[in-house]
Every structure is written in structure tokens, then in C-alpha cells.
Amino acid sequence: MDFEIPFFFYHQGRRLATVSIELMRPVRNLGRVLDALESSGISVLGLTSWLPSGDSECVGFLMVVDTTGHGSDPGELVRKLSELPGVTNVRIWRSGIDGFAAMTPNGFPTFIGERVYVMPSVVFKSIYHALYRSHGKTLFVILYLAGKATGERAAELRSLFMDQEAEPLESLVAILKVLGPPLGVLRDVERLETNGDVTRLMVEDLADCVALRELSPRAPTGHFLRGFIEGFMRSLGEPVEVFETECINLGHPSCEFELKRTGVHS
Ligand SMILES: [Zn+2]
């Protein structure tokens, strides 16, 4: 199964569980499952779906539920759900940590087939701080190159999200806007204006810049995104040169990127 976004739940003092079911289509049959859970005093905190491979008649659902009010053993819940018409392959997992449940009972979360690393900010920050302390501003070159390679890969995957007809810049903003917040990369991005060959993007809470803020680098620090934009746009045949003209690490309230068309196709 391929999760679109990893989900974690932590509710101190509650008993949470992850429930997986497969259900005969149509999807509205899910209503019976939700009614059965509700009548047992179980609330659904989150839900995602997948298509079981090789079975076009079924849809898989994965839920994180709060069973605190249920009071009985998971086996009874499995039996109750399995008795519903069209429901098969009911499984329940408990994490073993009080109050914690994840929508990733087996293996790693993935996104469009690629493994997703979910990193608490303390880990992300520690990596960035260690690299900055040991490499100084050379870190910015490393981040730029890493961003560029990632942007090129994102351009290859663009067709999964976007109409091929969409212009590259429009695709870029849409992808950053939709995927940025759930992946923890940025809070929001706005296309401010296009003036001749120059477009400006405003980016709020960019992870790299936030991570480096404590070290007061007094320089623009959004080099991963700068490289990402260049790699993405070049791969789609509209090369741009990107400058971070405003940055929270220069004292601005948000970061701003200027994209300048280079017109060089290579
Ligand atoms: Zn910045």
C-alpha cells in the first residue's frame, strides 16, 4: 500500500489503535463500518485509503481509532467489523506505546513510491547545525546541489499531479503549495508578480531557513529551494536563475525568491 501522507496520532491517556479493512465497492459501504464503530463508542481520528493490488472490486481503508470508550478486547471489534456485509481482511494493531498510533502499521510510509523520512525538527536542526559548524557557508553549495537534483526528480514526477499542458511555473507553485505544508517543507508560497522575465515568490516558514535561524548566519539560507526551483524549471525546458532576495535570516518576515528567465535551453 502506498500512503499519500504519513499520519501519527498521540493523545495522552487515550487508547488508540490502527484498524485496516478491505471493503467491496462501492465506497459508500464505508458508512456501515463507520456506523458500527460509532455504535461501539469508537471514534475515528483519521482515515486513508488504498487500492489492494490485483483486486478491482475492493478498496482498502486504514483508520486510527480511539477505543478508550470501547472497553473490550480488539478481537471482539475484529469480529464485529468482519460480520458487516462486504467487509474482509480486518486487522487491528496496537502500538504498544500508550496514547500513540500510526497509520503505518507495516514498514515505512511512502509517497509516490518513495520512502518518506519523518524527522522531528530537533533531528533536522541538529543535522543542519552540525553541517554549518563544520562546513560554514560551503553548506549552502551542498544544499543548492541537493535541491537541484531533487527538483529534477520532481519534474519527472510532475505528470502524476499535473496536466502536462500546465506551464512549468504554475506547476511549481501548485506542487509547493499542496505538498509543502504536509511534508513540513514550508507553510505557504505565493506568486507575487511577474515583471518581464522576472517572477517573485514569497515563501513562509521555509524549513531550511527556520532550522538555521538560531545560528544567525546573516545570509540568505534557502539554497535547497533555490536549487530545487532551478532543477525543476530547467528540466521542463524553462531555465531560470534563482536569487533569494529576502530571507528571515536577513531579518525579513518571510523569504522571497526572484526567478529570472535565462532563456538558455540545455
Ligand atoms: Zn530564507
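The expected span of a helix is 1.5 Å times one less than its number of residues. By that yardstick, α7, with 13 residues, reaches 18 Å from its first C-alpha to its last, close to the 18 Å expected. The model is predicted. The chain holds seven helices and twelve strands. This briefing centres on α4 and α7, then turns to single residues.

**Whole chain**
- The chain has 266 residues, and buried residues make up 26% of them.
- Its C-alpha atoms fill a box of roughly 65 × 40 × 25 Å along the principal axes.
- Take the contacts between residues at least 6 apart in sequence: 64% of them join residues at least 24 apart.

**How α4 and α7 pack**
- Helix α4 covers residues 138–161, and helix α7 covers residues 223–235.
- Their axes lie 6 Å apart and meet at an angle of about 35°.
- The crossing of α4 past α7 is right-handed.
- The residues of this contact comprise 13 nonpolar, seven polar and four charged.

**Helix α4**
- The 24 residues of α4 should span 34 Å at 1.5 Å a residue, and the end C-alpha atoms are indeed 34 Å apart.
- α4 nevertheless carries a kink of about 35°, centred on Ala155.
- Ala155 is also one of the buried residues of α4.
- The others are Leu139, Phe140, Leu143, Gly147, Lys148, Gly151 and Ala154.
- These buried residues pack against α3 (121–135), α5 (168–183), α6 (207–212) and α7.

**Helix α7**
- Twelve of the 13 residues of α7 are buried, so the helix is largely enclosed by the rest of the structure.
- The buried set includes the charged residues Arg226, Glu230 and Arg234.
- It also includes His223, Phe224, Leu225, Gly227, Phe228, Ile229, Gly231, Phe232 and Met233.
- Helices α4, α5 and α6 are among the elements that cover these residues.
- Strands β10 (198–204), β11 (240–246) and β12 (255–261) also contribute to the cover.
- Just after α7, Gly237 takes a positive phi of about 80°.

**Phe100**
- Phe100 sits in strand β6, residues 100–102.
- Phe100 has 16 other C-beta atoms within 10 Å, so it ranks as partly exposed. A buried residue would need 20 or more, and an exposed one 12 or fewer.
- Beyond its neighbours within four places in sequence, Phe100 is in contact with Tyr10, Leu16 and Ser95.
- Phe61 is 39 residues from Phe100 along the chain, and their C-alpha atoms are separated by 19 Å.

**Backbone points to check by eye**
- Arg25 and Pro26 are joined by a cis peptide bond, with omega about 5°.
- Pro26 lies in the loop between β2 (16–24) and α1 (30–39).
- Asn89 is not a glycine, yet it has a positive phi of about 55°.
- Asn89 belongs to strand β5, residues 87–93. Asn89 has 12 C-beta neighbours inside 10 Å, so it counts as exposed.
- Ser216, likewise a residue other than glycine, has a positive phi near 45°.
- Ser216 is found in the loop between α6 and α7. With 8 C-beta neighbours inside 10 Å, Ser216 counts as exposed.

Definitions and conventions:
Residues numbered from 1 in each chain as written. Predicted model: local features only at pLDDT ≥ 70, side-chain atom pairs only at ≥ 80, totals over all residues. Axes fitted to C-alpha atoms, helices over the stretch in contact; angles between N-to-C directions. Helix = DSSP H or I, 4+ residues; strand = E, 2+ residues; numbered from the N terminus. Left-handed = near helix turned anticlockwise from the far one by under 90°. Bend = angle between axes of the 7 residues up to and from the residue. Contact = placed C-beta atoms within 7 Å.
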